[in-house]
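Please read these notes with the model open beside you. They go through the contacts with the DNA, one helix, the core and two unusual loop residues.

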Amino acid sequence: MACAWPALPRGTPRASRSPPLSPTPRTGAAPRTPTALATLLPPPSAPSRPTPPFPTKRRARRRQKLLVGSAAEDENENDAAGNDDVLDIIGKTFSCVFCMKLPDRPVTTPCGHNFCLKCFEKWIHSGKKTCGTCCAEIPPKMAQLPRINSALVEAIRAAKVSRKAISTGSSAQYHYIWNNDRPNKAYTTERAKRAGNANASSGQIFVTIAPDHFGPILAENDPHRNIGVRVGETWEDRLQCRQWGAHFPHIAGIAGQATYGAQSVALFGGYQDDEDHGEWFLYTGSGGRDLSGNKRTNKEQAFDQDFMKLNAALRLSCLRGYPVRVVWSHKEKRSSHAPESGVRYDGVYRIERRWRKIGIQGKFKVCRYLFVRCDNEPAPWTSDDHGDRPRPLPNIAELQDETDITERNERPSWD
DNA sequence: CCATGCGCTGAC
DNA sequence: GTCAGCGCATGG
């Protein structure tokens with residue numbers, strides 16, 4: 001398959017479609033009724049109920065209206081004359097030391113000069129150890145792993161597009177009753193105080209999405225700010241990330257249900273087999289680790305992973321083409337695309353392939369997933385003023401000899 | 001109910 | 001730097 005992405009009509013909003021109420025039991029698993037887990041809470045005037053924690057009645061969700069959403073708005077792309085000056089200034093001030101153009105995936109040296117990521121790597125690989133502008137030394141650490149300067153990315157993008165007012169629509173009229181008793185930040189119970197935030201409990205959940213909501217978090221589910229969770233939004237830690245709904249589990253890297261699908265994944269560098277290329281990456285399933293001794297995690301593989309539980313959730317999302325939210329942590333130490341600090345929401349991806357292989361550790365099998373970005377908003381590391389467009393699938397070397405492969409075989413779940 | 005989970009902290 | 005091990009949230 002040369003191109004896995006169907007050509008979407010230009011300007012078609014591709015976001016926030018909930019899966020069908022009763023997923024067809026293609027996998028043989030019993031379909032779960034979403035409403036069983038979740039009941040819409042009564043309006044504020046109604047008497048409160050302590051549980052369940054989230055309302056999960058699946059309503060038809062409003063189509064997302066994003067920055068680069070509608071065809072009508074696209075017509076205006078060329079009238080940004082007022083921004084030319086800004087772009088000029090940015091171009092002069094921040095241009096790539098190597099190619100002299102506006103940097104693509106910019107990285108910034110401590111001396112304050114910028115490179116495209118690719119140009120920087122070329123520069124380093126050609127043996128250079130100093131900045132091409134001021135000859136200041138480039139720290140070995142940066143030479144080895146340059147991190148994309150997301151602030152500059154933002155600045156360039158802001159100069160490129162004249163931001164249009166976002167129509168917010170009506171905000172959700174309900175919120176979770178149980179939430180009201182919780183503080184704004186993570187907190188520790190009396191019993192857990194000794195270990196501080198290590199044993200913290202989540203604070204309020206600020207967004208009104210159901211815990212099994214697929215796709216982006218829209219303005220209508222953000223009654224506090226009315227903007228939704230935007231690509232690039234960054235939080236201090238997993239608990240804050242949870243509070244804004246991007247990824248609910250506190251420790252686990254996959255949010256999902258075996259018979260329903262996966263809502264989100266976290267890239268934390270916890271699995272050696274993970275491999276990142278920004279717009280696509282290879283993700284490793286969970287499990288296969290010995291958690292005896294009251295551990296929560298363990299780096300060492302102790303047995304094969306199989307497609308049960310969370311790994312099955314990812315497999316189902318792959319089959320159905322559901323959108324999966326992705327958050328990245330600064331703990332992912334091997335990637336230029338990871339944030340410098342905190343946890344960042346990077347938009348929705350689809351899982352195009354799923355297979356298994358012997359892990360890097362050499363003994364046991366791990367579940368593998370090919371994630372490809374598919375979001376209406378540009379990624380935090382690019383200065384593009386548009387979201388993802390169809391692109392060919394990457395060539396995965398480890399897939400050459402693999403026979404047990406699942407491919408996405410339904411059209412992607414976009415509106 | 002029990003098992004799992006790519007966190008987090010203080011203590012070395 | 002390494003390490004143990006806790007509450008909590010979630011799935012089953």
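1. A side-chain N or O atom of Y271 is 3.4 Å from a phosphate oxygen of DNA strand B. This counts as a polar contact, that is, a pair of N or O atoms within 3.5 Å; within protein, one must be able to donate a hydrogen and the other to accept it, and residues adjacent in sequence count only if both atoms are side-chain atoms. Two residues use polar backbone atoms instead: G253 is 3.2 Å from a phosphate oxygen of DNA strand B, and G269 is 3.1 Å from a base oxygen of that strand.

2. The model is predicted: local features need pLDDT of at least 70 and side-chain atom pairs pLDDT 80 or more, while totals for chains, interfaces and linings use all residues. Residues are numbered from 1 along each chain as its sequence is written, chains are lettered from A and ligands numbered from 1 in the order written, and side-chain values use heavy atoms, without hydrogens or water.

3. How many residues surround DNA strand B? There are 26, and the closest are A198, F268, Y271, D274 and R296; a residue is near the strand if one of its heavy atoms lies within 4 Å of it. Of the strand's atoms within 4 Å of the protein, 62% belong to sugar or phosphate and the rest to bases.

4. In helix α6 (residues 150-160), the buried residues (under 20% relative accessible area, 1.4 Å probe, protein chains only) are L152, V153, I156, R157 and A159. They lie on the same side of α6 because they cover an arc of only 160° around the axis, taken from the directions from the helix axis to the C-beta atoms. At the start of α6, a side-chain oxygen of N149 comes within 3.1 Å of the backbone nitrogen of A151.

5. The largest nonpolar core (buried Ala, Val, Leu, Ile, Met, Phe, Trp, Tyr and Cys residues joined through side-chain atoms within 4.5 Å) has 35 residues. Y283, L314 and F371 have the most contacts inside it. Helix α4 (117-125) gives the most to this core, with 5 residues. Domain 1 (58-154) and domain 2 (206-407) both contribute, so this core lies between them; the domain bounds come from an automatic or database assignment.

6. Most residues other than glycine have a negative phi. N226 has a positive phi near 60° and sits in the loop between α6 and β3 (234-235). N294, with a positive phi of about 65°, lies in the loop between β7 and α8. N226 is partly exposed (from 20% to 50%) at 22% relative accessible area, whereas N294 is exposed (over 50%) at 61%.

How values were computed: Helices (H or I, at least four residues) and strands (E, at least two) are DSSP runs, numbered from the N terminus.
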